[in-house]
Amino acid sequence: MRLTGKTALVTGSSQGIGEAVALRLAADGADVVIHYRSHPESAQDVVKRIATLGRRAVAIQADLSRAAEAQRLIADGVTRLGPLDILVNNAGVEKHADFWDVSEGDYDFVMDVNLKGVFFTTQTFVRHLLATKRPGKIINMSSVHEELPFPRFTPYSMSKGGLKMMTRTLAIELAPFGITVNSIAPGAIETPINRTLLNNPEKLRALLDNIPLKRMGTPVDIAGVAAFLASGDADYITGATIVADGGLLWNYDEQ
Ligand code: NAD
């Protein structure tokens, strides 16, 4: 198995895309730190499913909008599972509002989780790799909205655009240490973040009309990409964004 002997931390892995990524990394041979913010039962369930795959897993709570919590998460993960090799920055949030109605609190909420949280989790992970003189892989869960405008989700789009530049910049700065940094840009994936959309048949139909493959993605569609980027098969890839969106981002057709 291509991840045997590796240990990964996947943020936001008690549900949605993060859960599927954690399970797939374990299926490929990795031990996994499951991180959650507010659902300990779901996190424990993922830990149990990983144990049935014959891998080790622990669940750790942290609010990643605070740097100190990100630092504690990495330290606890290392204490409980040993040195980490792979970090998947998956946790992320969005808020729907017209631009003129966005509150300072909602702006900070999105930026603090999607950018500041990723920044300080990554910084702590990199310090750990440098201190233990080991290479590593960083995978950021971005979005097609690192490129594609998303009206009424301006802070979200800004955060993913910022994440794109973090990926590219760190890829260069960390290359001398054997640390690769890449992003995945999912399109529309069936997870709790899209609950409102999934419950609105009209909006869902309009969305599917824009997706050449005519279906939403599943968390498993994204997990396979993360497993590839975490593996030796991706050793020569850094600073890249892999788009997994059924063709949504560059959809254009003149009939
Ligand atoms: P989700 O809502 O199921 O998962 C989000 C995760 O982030 C949850 O596990 C949650 O606990 C965690 N989180 C939220 N606030 C946190 C905080 N303060 N501290 C720590 N963790 C926190 O949604 P998802 O669709 O699985 O999203 C996962 C990632 O994929 C996000 O970064 C999202 O932006 C990205 N994404 C999702 C889609 C999609 O269509 N579902 C598309 C593109 C990108």
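An oxygen atom of the ligand sits 2.8 Å from an N or O atom in the side chain of Asn-194. Taken alone, the ligand exposes 820 Å², and the protein buries 95% of that; such accessible areas come from the Shrake-Rupley method with a 1.4 Å probe, and for residues only the protein chains shown count as cover.

Before we go on, a word on the model. It is predicted, so local features need pLDDT of at least 70 and side-chain atom pairs count only at pLDDT 80 or more, while totals for chains, interfaces and linings use all residues. Residues are numbered from 1 along each chain as its sequence is written, and side-chain values use heavy atoms, with hydrogens and water left out.

**Around the ligand**

Asn-194 has company. The table lists ligand oxygen atoms and their polar partners.

| Residue | Partner atom in the protein | Distance to a ligand oxygen |
|---|---|---|
| Gln-15 | N or O atom in the side chain | 2.6 Å |
| Ile-17 | polar backbone atom | 2.9 Å |
| Asn-194 | N or O atom in the side chain | 2.8 Å |

In total, 27 residues surround the ligand, and the closest are Gln-15, Tyr-156, Ile-189, Thr-191 and Asn-194. A residue counts here if one of its heavy atoms lies within 4 Å of the molecule. Sorted by class, this shell has 13 nonpolar, 11 polar and 3 charged residues. In that sorting, Ala, Val, Leu, Ile, Met, Phe, Trp, Tyr, Cys and Pro are nonpolar, Asp, Glu, Lys and Arg are charged, and the others, Gly among them, are polar. Two helices, α1 (16-27) and α5 (154-174), each supply at least two residues of the shell. Helices (H or I, at least four residues) and strands (E, at least two) are DSSP runs numbered from the N terminus.

**A pocket and a cavity**

Now let us look at empty space. On a 1 Å grid over the protein atoms alone, a cavity is a set of points where a 1.4 Å probe fits but cannot get out; a pocket is an open set with protein on both sides within 12 Å along at least five of seven lines, and lining residues have an atom within 4 Å of a point. Grid points are joined across faces, edges and corners, and a volume is the space filled by probe spheres set on the points.

The second largest pocket holds about 180 Å³ of space. Its lining includes Phe-119, Gln-123, Met-166 and Phe-177. Helices α4 (104-131) and α5 each give two or more residues to this lining, with the largest share, 5 residues, coming from α4. By class, the lining divides into 7 nonpolar, 2 polar and 1 charged.

The structure also holds 1 cavity of 30 Å³ or more. The largest cavity has about 40 Å³ of space, and among the residues lining it are Thr-11, Asn-89 and Val-113. Helix α4 gives the largest share here too, 4 residues. This lining has 4 nonpolar, 4 polar and no charged residues.

**Residues to find in the loops and in α8**

Arg-152, in the loop between β5 (136-141) and α5, has a positive phi of about 70 degrees although it is not a glycine. Arg-152 counts as partly exposed because its relative accessibility is 42%; buried means under 20%, exposed over 50%, and partly exposed in between (1.4 Å probe, protein chains only).

Lys-214 lies in the loop between α7 (201-209) and α8 (219-230), and its phi is positive as well, near 60 degrees. Is Lys-214 buried or partly exposed? With a relative accessible area of 49%, Lys-214 is partly exposed.

Pro-219 lies in helix α8 and is buried, at 17% relative accessible area. Pro-219 and Pro-186 are 33 residues apart in sequence and 9.4 Å apart in space, C-alpha to C-alpha.

Definitions and conventions
Polar contact = N/O pair within 3.5 Å; in protein donor to acceptor, adjacent residues only side chain to side chain.
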